[in-house]
Amino acid sequence: MQSFGSRPRRWLVLLAALPLLVAACDGADDESAAADSSEGGEFSMFLCEPERLLSQASSEVCGFQVLDTIFTGLVEYDAETGEIVDGAGMAESIESDDQRVWTITLKEGWTFHNGEPVTASSFVDAWNWMADPSNEMGNAFFLAMAGFEGYPEVAGGEAEEMSGVEAVDDETIRVTLAEPFGPFELLIGYTGFQPLPEEFYDDPVAFEDAPIGNGPYMMDGEWERGSEIRLVRYDDYEGEAGNADAVNLRIYSEVSTAFLDLQAGEIDLLDGVPPEHRAAAGDEFGDRYLDNPTTGYNYLGFPLYQEEWQDVNLRRSFSMAIDRETIIEQILGGTQTPATSIMPPSMAAHRDDACEYCGYDPDRAAELYAETDGVEEPLQLYFNSGAGLDEWMEAIGLQLSQNLGIEAIEFQSLDWPEYLPLLDGHEAEGPFRLGWGTLYPSPQYAMDPLYTTGAESNSGAYSSEEFDALIAEANTMPVDEADEVYQQAEDVLLEDMPIAPLWYSVDGVAWNDTIGNVVADSRGFVRIPEVIVD
């Protein structure tokens, strides 16, 4: 076997948006603090630098943490189960007889932070603005995916507004979809569907310096890039008020620096303790540290557009040759959980034993590999650079060499701006690392955008008529009836193995004794309004 160090390497890496939502954890001994502490005070917490502070454009966790605190959408999700919380959010009711025409009735009396009433038009106008291609809003993808009637005409420049979206009156929104879409009521809780005030349209660029939301907290001054975002409680909020008077979101470029500041008491809360510090954080902070499972997971995708990778036994052999648990323990510090399915554990439809070919079985892997024509060597393995993936991708390569007898492996690593076009263009010549997470808690979003034929994020060009039909069927069903059909679709995926699921992400959260009642959800976000200053 050729030595891994004997040939030059180009390192290739991809960071997928982890989009997400659902599972939650809370501070173990903070319940009494939540019950007994009075409201008030302020606290500080870590924040990575947002790319955007505009709901219709934001697609990353740094922006989501802020936007989901200063805005309230139509529905809100339970931090633990991911289900829609009755009575939370701005929707009084969401109704449909056919999963195609939806009537959303808003609660009355809500206002933006500038005093402007939040009406049906506040949502409808924001969605139409998002649909306008001249505004280049990335979250318009969700309008297309859900099939908003009239979106193709707006996207194509043939219309200015979507015909399927109407503000019937100040409290009523009617949405008509091209086809029935059961997950609609879950989808519209996603950040991209938040409302916008009239003031936004006067100067959309300046708006991001100090967004005007309708949530429990409001901006206090402007976004100080590279430094801080300060939020204060909105006293006229119609929902459940936040506990603290104010929160200072301290922006760091390095999370390790934030951890040192947490230890020194310079900040009160850190969501995203680095893996190398988690053992120390558990010892130092005790019951003020938690491992928070998220919906994000890493996987190894296979380029099915290459003829050799169309052999399902080849794909299965690769998956079973990877010792996930050893990599997690020895390289990732025990901070991940081996993946046993496509749907994350936080989802009600998740099954622990769904995947026959996800367990480590080197003997079976070698048998399956022997039944194939093997791979053309050197095997190319792709991943995104600058994200700390080098060591565990090398470990995967070593295991493939040891267990399948592949003698020559080259690692291809590119920065994200180069890597994404490579995958979108189906130009990778071997397996590639990617990640995914659910931005709203539906099995549809865990599978549909990634594996249906021709889907935008279907980087491996997987295609299955059976899978497509099952997804299409489940998408037409009410949420509470669709899980079994989504599981059938997942069974097709796990039999065909267009990817090898690797592990689910686990986030580390730690805080000082200055605060309590810390709750985090599976997007990796802290529920800021619930934090209590001790």
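**Exercises on strand 6 and the largest cavity**

In this predicted model, Trp102 stands opposite Val175 in strand 6. The exercises below start from this strand and then turn to the cavities.

**Exercise 1.** Determine which strands pair with strand 6, and in which sense.

*Solution.* Step one: strand 4, residues 101-106, pairs with strand 6 in the antiparallel sense, over five bridges. Step two: strand 5, residues 165-169, also runs antiparallel to strand 6, and four bridges join these two strands. Step three: Val175 of strand 6 has Val165 opposite it, and Trp102 likewise stands opposite Val175. Step four: the connection between strand 5 and strand 6 is a hairpin, with two residues between the strands.

**Exercise 2.** State how many residues of strand 6 are buried.

*Solution.* Strand 6 spans residues 172-176. Buried means under 20% relative accessible area. Four of the five residues of strand 6 are buried, so the strand is mostly covered.

**Exercise 3.** Describe the largest cavity by its volume, its lining and the character of its lining residues.

*Solution.* Step one: the model holds three cavities of 30 Å³ or more. Step two: the volume of the largest cavity is about 80 Å³. Step three: 15 residues line the largest cavity, and those closest to its centre are Tyr451, Asn458, Ser459, Gly460 and Ile499. Step four: strand 11 (289-301), strand 15 (432-436) and helix 15 (443-451) are the elements that each give two or more residues to this lining. Step five: the lining of the largest cavity comprises ten nonpolar and five polar residues, with no charged residue.

Notes
Residues are numbered from 1 along each chain as its sequence is written. This is a predicted model: local features need pLDDT of at least 70, side-chain atom pairs count only at pLDDT 80 or more; totals for chains, interfaces and linings use all residues. Side-chain values use heavy atoms; hydrogens and water are left out. On a 1 Å grid over the protein atoms alone, a cavity is a set of points where a 1.4 Å probe fits but cannot get out, and a pocket is an open set with protein on both sides within 12 Å along at least five of seven lines; lining residues have an atom within 4 Å of a point. Grid points are joined across faces, edges and corners, and a volume is the space filled by probe spheres set on the points. Ala, Val, Leu, Ile, Met, Phe, Trp, Tyr, Cys and Pro count as nonpolar, Asp, Glu, Lys and Arg as charged, and the others, Gly among them, as polar. Buried means under 20% relative accessible area, exposed over 50%, partly exposed in between (1.4 Å probe, protein chains only). Two strands pair if DSSP finds at least two bridges between them.
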